[in-house]
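The following questions and answers introduce one protein model to a reader who has not met it before. Please keep the sequence and the structure in view while reading.

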Amino acid sequence: MPRYEVWAPNAASRVRVDVNGFAYELARSTDRAGWWCGEAPAGDYAFRIDDGPPLPDPRSARQPHGPDGPSRAVDHAGFPWSHSGRLGRALPGAVLYELHVGTFTARGTFDAAAERLDHLVELGVDFVELMPVCPFPGRHGWGYDGVSLWAVHEPYGGPEGLKRFVDAAHRKGLGVVLDVVHNHLGPSGNHLPAYGPYFTDRHHTPWGSAVNLDAPGSDEVRAYLIGSALAWLRDYRIDGLRLDAVHALADDRALHFLEELSAEVAKLAVATNRPLFLIAESDLNTPATTAPREAGGRGLTAQWSDDFHHALHCALTGESQGYYGDFARQPLAALAKTLTRGFFHDGTWSSFRGRTHGRPFTPLGDGHRLLGYLQTHDQVGNRALGDRVSTSLSPGRLACGAALVLTSPFTPMLFMGEEWGAATPWQYFTDHTDPGLAEAVRQGRRREFTGHGWAAEAVPDPQEPATLLRSVLDWTEPHRAPHTELLAWYRRLIRLRRERPELSDPDLGAVRAEFDEEAGWLVVHRGPYRIAVNLGPQEAVLPLGAVAREVVAAFGAATPEGTGTEGTAVRVAADAVAVVRV
């Protein structure tokens, strides 16, 4: 018979497992404090703590009836993986593509997403980054309210669906990155507190009590989270994990949780002979996040670079509200600094925070450790209307942004639909089954944006089905103007990045940037190449510093022009960009 076990130190006297309507007593472990174990028949199961209600297994691999229902075991060894698939590739030099399973296609499943993988192959990206797929109440949501950290959301296709997607991606030469959330659980369906001290009031986060990483009982909590991470990499053959908001992982222990996690992932990479990796979302602006463990760092492979995004966004849009304020004063200078130094805030004053922030990024040769992007789910979905930059920018301006991302010394990442300038928004949508929680989220969203001058009725209702439907990609767009031209530009840039190593060189110290803030132009030097961007209101002549051999690629009018014996320049139309070889 199957063996059942669960960590339940909160149990006073008994733990039972309910299987198919029958209860079976578990015995207290004699060698593992807080653990209960025993044998019982196979079937859907739930645990009862003392005489409490049936609860799902914290380590459940499947929740077929939702996060509040009984759990079901999964035979991971029984999946028929393809033998012709890839063995994995390292992150440096790659291009990532972030997508949300529920809105990537109208059907919103893993299988439907797999049917669109040829588009990503033709685009030229290397990794698909899936937003969180753990179960949450209801059918639709962003995924950051997951509550069963070892399971897969059933409406997407459950564990088998995720494996089919990963297998299909690998067959086509695409890697898969999974976004995982360790810093909090969703507000509904979280049963972990009934079992043990998974959370602590020792620290507080934007979501309330912190996940217990350093208080009594934290050894088992850390093992729970690390075990979940390793399961995605091992049982689902995921190539890497994106860790949500690691700055909210409060941990005062000598061995930080992230360092312990990265060490365990490194061991699994050796055992499986696969180059597994971890990417952090962090607003700490410290190189310690990606510094080697041997040098006192956390040992993660890469981290998101919001500084580069903010500078680029301000340069393209002129927005200056909130955290954009620091970057909007001199956006081209901010952009030049991030392209050559990594962090904008590297010990500088941050008006948004009301203090100095960050420290210099080192080593400068490791630019691939920063992810660079024009859009992400956060930077689109956290806007009041979920509007993409394509809503307000011309195709030429979008092309300028794409060129700066895809020729940068960073690891580029695209957000689904960005490559064709999708007109569909990506809004904040939920499907909470608790009416009280649904209303609280609705009113909270409205309060947030009415405080910034929006009318309450203008803010989309997260619970309204139309909010979700508006956010689904329109796959007819890539086949018509002006989307087709922009898509061809993205494909061209990614191909150039692969064919011309200087355009993917991660050495920030080798990058030089010239700009004219008033005229609105920027020229980025990448070895023998110049990325000449004109964001000004009229045609401009941009200096190259050397004789132009050819305009390798351009979006908009761009013509080499002599400037005497000292070299040449390139004449670029307004809202246009050229990649020039000198």
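**An open sheet and its helices**

Q: In what order do the 5 strands of the open sheet stand?
A: This is a predicted model. In its open sheet of 5 strands, the pairing is antiparallel. The order of the strands is E18-E19-E20-E25-E22.

Q: Which strands stand at the edges of the sheet, each with a single partner strand?
A: A strand with a single partner has one side left without a neighbour in the sheet. This holds for two strands, at residues 512-516 and 550-555. They are E18 and E22.

Q: How many degrees does the twist average from one strand to the next?
A: The strands concerned are those of the open sheet, in the order E18-E19-E20-E25-E22. From one strand to the next, the twist averages 15 degrees.

Q: Which residue stands opposite Val523 of E19?
A: E19 runs antiparallel to E18, and 5 bridges join the two strands. The hairpin that they form has 4 residues between the strands, and Gly520 takes a positive phi near 85 degrees there. The residue opposite Val523 is Glu514.

Q: Which residue in E20 is the bridge partner of Leu522?
A: E19 and E20 run antiparallel and are joined by 6 bridges. In their hairpin, with 2 residues between the strands, Gly527 has a positive phi near 60 degrees. The partner of Leu522 in E20 is Val533.

Q: Are the residues on the two faces of E19 buried or exposed?
A: In a regular strand, side chains alternate between the two faces of the sheet. On one side of E19 lie Trp521, Val523 and His525, and on the other Leu522, Val524 and Arg526. Both faces are covered, and these residues are all buried.

Q: Which residue in E25 is the bridge partner of Ala553?
A: E22 pairs with E25 (residues 576-581) in the antiparallel sense, over 5 bridges. The partner of Ala553 in E25 is Val579.

Q: Which helix packs on the sheet and touches E19, E20, E22 and E25?
A: Helix H10 (residues 331-341) packs on the sheet and touches E18 and E19. The helix that touches E19, E20, E22 and E25 has a direction about 150 degrees from that of E20. This helix is H12.

Q: Is H8 roughly parallel or roughly antiparallel to H12?
A: The two helices pack with their axes 10 Å apart, at an angle of about 155 degrees. Angles over 145 degrees count as roughly antiparallel. Therefore H8 is, relative to H12, roughly antiparallel.

Terms used. Residues numbered from 1 in each chain as written. Predicted model: local features only at pLDDT ≥ 70, side-chain atom pairs only at ≥ 80, totals over all residues. Heavy atoms only, no water. Axes fitted to C-alpha atoms, helices over the stretch in contact; angles between N-to-C directions. Parallel < 35°, antiparallel > 145°, perpendicular 65-115°, else oblique. Pairing = 2+ DSSP bridges. Contact = heavy atoms within 4.5 Å. Buried < 20%, exposed > 50% of the residue type's maximum accessible area, 1.4 Å probe, protein only.
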